[in-house]
Amino acid sequence: MSNVALKDDSKTEQQTVENSRNKKRSQWREVWRRLKRNKMAMVGLTILIILILLAIFANVIADYDEVAIKQNTSIRLQGPSRNHLLGTDEYGRDMFARMIHGARVSLQVGIVAVSISILVGGIFGAIAGFYGGRLDNIIMRVMDIFLAIPSILLAIAIVSAMGSSLFNLMVAIGVSSVPSYARIVRASVLTIKDQEFVEAARAIGASDVRIILRHVIPNALAPVIVQGTLGVAGAILSTAGLSFIGLGIERPAPEWGSMLAGGRKYIRDAWHITTFPGLAIMITILALNLLGDGLRDALDPRLKQ
């Protein structure tokens, strides 16, 4: 009889999981339908896709060593032309090549830094919200201490201690944003952990780890996705700011913030050196914000579009 009961419990759990997956698929189709109807969000998504494609195929479009890094002072500070679409910088390097290779760096830092924040903050937030009590109090008080420090100052402190490099920059920006994601995940878990499907999984003997990974976290992803999209924009802006003050990507590697810092002394004589990197930062952050706002509206079940 016990074997039959175990088989029935296993079938019940499998059926519950399958029904949950089917429901999630239909929900994500509905989210995509709502997102497509938001024109500004689709504009942001289109711009972001173009930037990602430019970053992926940057080496195909323009050779990194020959065009983006190699100096040629005989053509320095030239304006936009047929040979150099966005002109040349103070060392005669092609601005267009440096821009698209800089997009690779900025997007990489933004995505990896936010992934670190979501992973670490999500784990702490899920544990705090699911177990509650003293553990919740300890975790969230630690997060409150980090929240009391401005994220950009915390990132500056981490980079200053670890040194300027691409990896250290991603870690610094990622760690500085962990508390925000921990609070978001904790709030979502608190609203989910007492729902019927979690109680059903607990009733059939599922472990806490299984419940958290398969039932709680997947249903708490909606606000995290929205915050993550907006967080990538913030990470790119932080990267540009740190590079501008000399704590980001080391020269001569192309990065939009360092390009702004290098060209500010020539802003009156060669407007294009600072204009195009500034526009790139602005357009990228605008696209991510438009997409984030669209995702927020599409993922909100109270909005019927």
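## A pocket lined by helices

Helix α14 gives the most residues to the lining of the second largest pocket, with 5. This is a predicted model, and the pocket in it holds about 280 Å³ of space. The lining counts 15 residues, and those closest to the pocket centre are Leu51, Leu54, Met99, Ala280 and Ile283. Three elements give two or more residues to this lining: α2, α5 and α14, the last spanning 272–299.

## The overall build

The protein has 14 helices and 0 strands. Read from the N terminus, the elements are α-α-α-α-α-α-α-α-α-α-α-α-α-α. The protein has 305 residues, and 43% of them are buried.

How are contacts spread along the sequence? Take the contacts between residues at least 6 apart: 71% of them join residues at least 24 apart. The accessible surface is about 16,300 Å². Carbon and sulfur atoms account for 61% of that surface.

## A nonpolar patch on the surface

Seven names make up one nonpolar surface patch: Ile49, Ile52, Leu53, Ile56, Phe57, Val60 and Ile61. Together they offer about 640 Å² of accessible area. Two elements give two or more residues each, namely α2 (39–56) and α3 (58–61). Helix α2 gives the most, with 4 residues.

Leu53 is one of the patch members. It sits in helix α2. Is Leu53 buried or partly exposed? Its relative accessible area is 43%, so Leu53 counts as partly exposed. Helix α2 also appears among the elements that line the second largest pocket.

## A loop proline and its contacts

Pro80 lies in a loop, between α4 (64–69) and α5 (95–131). Pro80 is partly exposed, at 39% relative accessible area.

Which residues does Pro80 touch, leaving out those up to four places away in sequence? The list is Leu85, Leu86, Gly87, Trp271, His272 and Phe276. Take His272 from that list. Pro80 and His272 are 192 residues apart in sequence. In space, their C-alpha atoms are 7.7 Å apart. Helix α14 covers residues 272–299.

## One enclosed cavity

A search of the whole structure turns up 1 cavity of 30 Å³ or more. The largest cavity contains about 100 Å³ of space. Its lining is made of Asp89, Glu90, Tyr91, Arg93, Met95, Arg98, Arg251, Ser258, Met259, Gly262, Gly263 and Ile273. Helices α5 and α13 (256–263) are the elements that give two or more residues to this lining. Helix α13 gives the most, with 4 residues.

Charged residues of the lining also pair up. Asp89, Arg93 and Arg98 are linked in a network of salt bridges, and these three residues are listed in the cavity lining. Within the network, Asp89 bridges to Arg93, with the closest N and O atoms 2.9 Å apart.

Are Asp89 and Arg93 buried or exposed? Asp89 has 2% relative accessibility, so Asp89 counts as buried. Arg93 has a relative accessible area of 6%, so Arg93 is buried as well. The cut-off for buried is under 20%.

## Salt bridges elsewhere

The structure has 6 salt bridges. One of them joins Asp136 and Arg186, whose closest N and O atoms are 2.8 Å apart. Why does this pair tie together parts that are 50 residues apart in sequence? Because Asp136 lies in helix α6 (residues 133–147), while Arg186 lies in helix α9 (residues 178–192). Asp136 is buried, with 11% relative accessible area. Arg186, at 24% relative accessibility, is partly exposed.

Helix α6 holds another salt bridge, between Arg141 and Asp144. Their side chains meet at 2.8 Å, N to O. Both residues lie in α6, 3 residues apart, which is about one turn of the helix. Arg141 counts as partly exposed, at 41% relative accessibility. Asp144 is partly exposed too, with a relative accessible area of 27%.

Conventions: Residues numbered from 1 in each chain as written. Predicted model: local features only at pLDDT ≥ 70, side-chain atom pairs only at ≥ 80, totals over all residues. Heavy atoms only, no water. Buried < 20%, exposed > 50% of the residue type's maximum accessible area, 1.4 Å probe, protein only. Contact = heavy atoms within 4.5 Å. Areas by Shrake-Rupley, 256 points an atom, 1.4 Å probe, with all protein chains shown as cover. Patch = residues over 30% accessible without salt bridge, like charges linked within 9 Å, V, L, I, M, F, W, Y side chains within 5 Å. Salt bridge = Lys/Arg side-chain N within 4 Å of Asp/Glu carboxyl O. 1 Å grid on protein atoms, 1.4 Å probe; cavity = no way out; pocket = protein on both sides within 12 Å on 5 of 7 lines; lining within 4 Å. Points joined across faces, edges and corners; volume = space filled by probe spheres on them.
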